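These are my notebook entries on a single protein chain, written down as I looked things up. I began with one side chain and worked outward to the chain as a whole.

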Amino acid sequence: MTLESISNDVWGVWFLIGAALVFFMQCGFAMVETGFTRAKNAGNIIMKNLMDFCIGTVMFMLLGGALMLAEDYVMGVIGVPNLKIFTDFSNFDAKSFVFNLVFCATAATIVSGAMAERTKFITYCIYSGLISAVVYPIEAGWVWNSQGWLNKIGFIDFAGSTVIHMVGGITAFIGAALLGPRIGKYNRDKNGKVIKVNAIPGHSLTLGALGCFILWFGWYGFNGAACVSLADGVGSLASVFLTTTISPAIASCVTMIFTWIKDGKPDVSMTLNASLAGLVAITAPCASVDALGASVIGIVAGILVVLAVEFIDKKLHVDDPVGAVAVHAVNGMWGTIATGLFATDGGLFYGGGFHQIGVQLLGLISIAGYTIVVMTIAFVILKKTIGLRVSREEEIGGLDSYEHGLDSAYAGFNMMESAVSSPVTVTTQVQPLEIYSASEHKLSKVQIICREEKFNALKDEMNKIGVTGMTVTKVMGCGVQKGKDKYYRGVKVDMDLKPKVQVDIVVAAVPVNDVVNAARKALYTGEIGDGKIFVYDCENAVKVRTGEVGFDAMQGEQE
């Protein structure tokens with residue numbers, strides 16, 4: 001065995017490791033989309049991301065892979081399927097098939113986030129099969145098959161800014177536009193004109209951030225594994241890793257500063273999107289640019305993602321819950337163009353003239369045009385036949401319940417469901433009670449609304465005067481004090497309500513005045529927003545276990 005064959009084997013192993021990293025990106029997409037949407041649809045999001053890969057595998061195996069990896073091409077446009085995976089498996093190039101399969105799944109799953117929270121599951125499954133069978137394989141073959149027409153004229157898309165991200169992002173835009181916005185996203189006048197854009201925050205920024213970190217990690221396989229041969233060398237692989245780090249890091253910094261200046265606070269979710277935008281933009285030119293080029297690409301991506309998210313939402317009124325169109329379509333286009341500008345060999349800004357940028361624009365327009373035509377036809381047919389959108393009732397109730405029979409994707413946090421499913425001991429004979437006041441002691445209910453940070457001080461003061469029983473609830477409200485304006489993904493969130501704590505106490509032995517005075521002592525700051533105390537007459541109380549009523553029901557166990 002020669003040194004060269006050993007080295008080629010090593011590169012082959014790295015190629016497959018890269019494919020595994022790209023597969024793990026499905027988890028990242030699932031977490032981003034779940035975190036940036038509402039909890040009532042979390043199970044549906046997870047299911048769609050799972051089925052993107054599973055349906056995609058079936059369709060890519062039956063047709064897509066044969067079209068993309070064909071040995072014979074008709075005029076460099078479409079491959080002639082040979083189904084070698086079924087007829088000559090021992091000689092089949094499984095390595096290339098697996099790598100392109102996971103790329104195909106990535107293109108499909110980009111669309112899930114933009115169409116989240118209102119799409120029929122069966123319709124989404126059909127779409128997923130279609131893009132995996134004929135959309136991605138054909139245009140990817142133009143670029144990455146040696147017989148593809150774009151490959152022959154020198155179009156550069158090293159790892160998929162155009163082939164994967166732009167295609168997925170354009171499809172996401174078409175789907176979201178035809179689908180229509182989520183209920184409550186836009187306020188319209190009687191003529192249907194949008195008069196207000198409403199923010200619909202996702203339920204878990206933590207999940208969204210986790211997804212972004214997973215995607216960034218997987219991206220080293222996404223870009224790095226495209227260095228597939230000994231000729232590429234370790235130096236080339238290291239260079240790809242470096243540019244793949246520089247662009248998203250700088251994009252994130254730029255977005256943080258940009259939103260900080262624009263909105264008064266650094267926008268967390270938008271900065272997370274920026275990291276992905278920087279990754280998308282560097283995917284095409286990652287092996288062709290130097291550190292300076294990667295830096296400029298990141299700077300532009302960081303500004304572009306913010307402007308694109310707000311333009312699509314506020315001007316075009318296309319509801320994209322996760323920013324998939326801005327991240328993937330817009331920055332996929334930017335990465336394609338940037339390759340022609342910053343490529344150290346042939347780029348416009350590196351003395352290469354206009355040839356490469358011309359080739360890049362031709363490829364961009366051709367692939368975008370093909371995607372727009374095919375996916376528009378597909379979505380229109382689906383809309384006219386089985387329909388794209390769930391009913392109003394299903395959307396309001398949540399797709400987890402109506403599409404998948406889930407009470408909640410977070411069953412452990414569903415108090416009613418936990419109560420129903422937990423075993424209990426039932427006593428079938430309970431003596432009826434006569435409801436009356438057991439003594440001369442008057443029962444009073446004291447309701448206290450206070451700042452969250454003052455709760456512990458309030459609890460300590462209550463304990464000092466002998467009050468140990470209380471019910472505590474987190475609430476939203478406002479009085480004289482109003483909330484501050486906040487922004488979510490560039491959209492103003494009306495914050496007339498502020499988070500507060502509501503404490504309900506029923507007292508009998510302890511004088512009401514003592515409770516009120518102790519509460520004021522604990523809560524007072526002298527500033528607007530200290531809270532309110534309400535006192536009510538309480539007609540009676542009944543202890544469920546013993547049947548004691550009135551004053552007796554309020555007492556603890558006797559030693």
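Entry 1, a threonine side chain. I looked up threonine 171 and found that its side chain reaches the backbone oxygen of valine 167 at 2.8 Å. The model I am reading is a predicted one, and I keep that in mind for every distance and angle noted here. I placed threonine 171 in helix H7, which covers residues 161-179. Is threonine 171 buried or exposed? Its relative accessibility is 0%, and since buried means under 20%, threonine 171 counts as buried.

I then asked which residues threonine 171 is in contact with once its neighbours within four places in sequence are left aside. I listed Val111, Tyr127 and Ile131, and with them Thr371, Met375 and Phe379.

Entry 2, positive phi angles. I noted two residues that have a positive phi although neither is a glycine: methionine 75, at about 55°, and leucine 83, at about 50°. Methionine 75 sits in the loop that runs between strand S1 (73-74) and strand S2 (78-79), whereas leucine 83 lies in the loop between S2 and H3. I also checked how far each is covered: methionine 75 has a relative accessible area of 76% and is therefore exposed, the cut-off for that class being over 50%, while leucine 83, at 37% relative accessibility, counts as partly exposed.

Entry 3, a nonpolar patch. Leucine 83 came up again when I turned to the surface, where Leu83 forms a nonpolar patch with Val58, Leu62, Leu63 and Phe86. Together these residues have about 410 Å² of accessible area. Which element supplies the largest share of the patch? I found that helix H2, residues 42-68, contributes three residues, the largest share. I looked separately at phenylalanine 86, which is placed in helix H3 (residues 84-87) and, at 48% relative accessibility, counts as partly exposed.

Entry 4, the chain as a whole. I closed with the overall values, beginning with the secondary structure, which comes to 19 helices and ten strands. The protein chain has 559 residues, of which 50% count as buried. Its exposed area is about 26200 Å², and carbon and sulfur atoms supply 63% of that area. Finally, I took the contacts between residues at least 6 apart in sequence and noted that 76% of them join residues at least 24 apart.

Conventions: Residues are numbered from 1 along each chain as its sequence is written. This is a predicted model: local features need pLDDT of at least 70, side-chain atom pairs count only at pLDDT 80 or more; totals for chains, interfaces and linings use all residues. Side-chain values use heavy atoms; hydrogens and water are left out. Patches are made of residues with over 30% relative accessible area and no salt bridge: like charges are joined within 9 Å, nonpolar side chains (Val, Leu, Ile, Met, Phe, Trp, Tyr) within 5 Å. Accessible areas come from the Shrake-Rupley method with a 1.4 Å probe; for residues, only the protein chains shown count as cover. A salt bridge is a side-chain nitrogen of Lys or Arg within 4 Å of a carboxyl oxygen of Asp or Glu. Helices (H or I, at least four residues) and strands (E, at least two) are DSSP runs, numbered from the N terminus. Buried means under 20% relative accessible area, exposed over 50%, partly exposed in between (1.4 Å probe, protein chains only). Contact means heavy atoms within 4.5 Å. A polar contact is a pair of N or O atoms within 3.5 Å; within protein, one must be able to donate a hydrogen and the other to accept it, and residues adjacent in sequence count only if both atoms are side-chain atoms.
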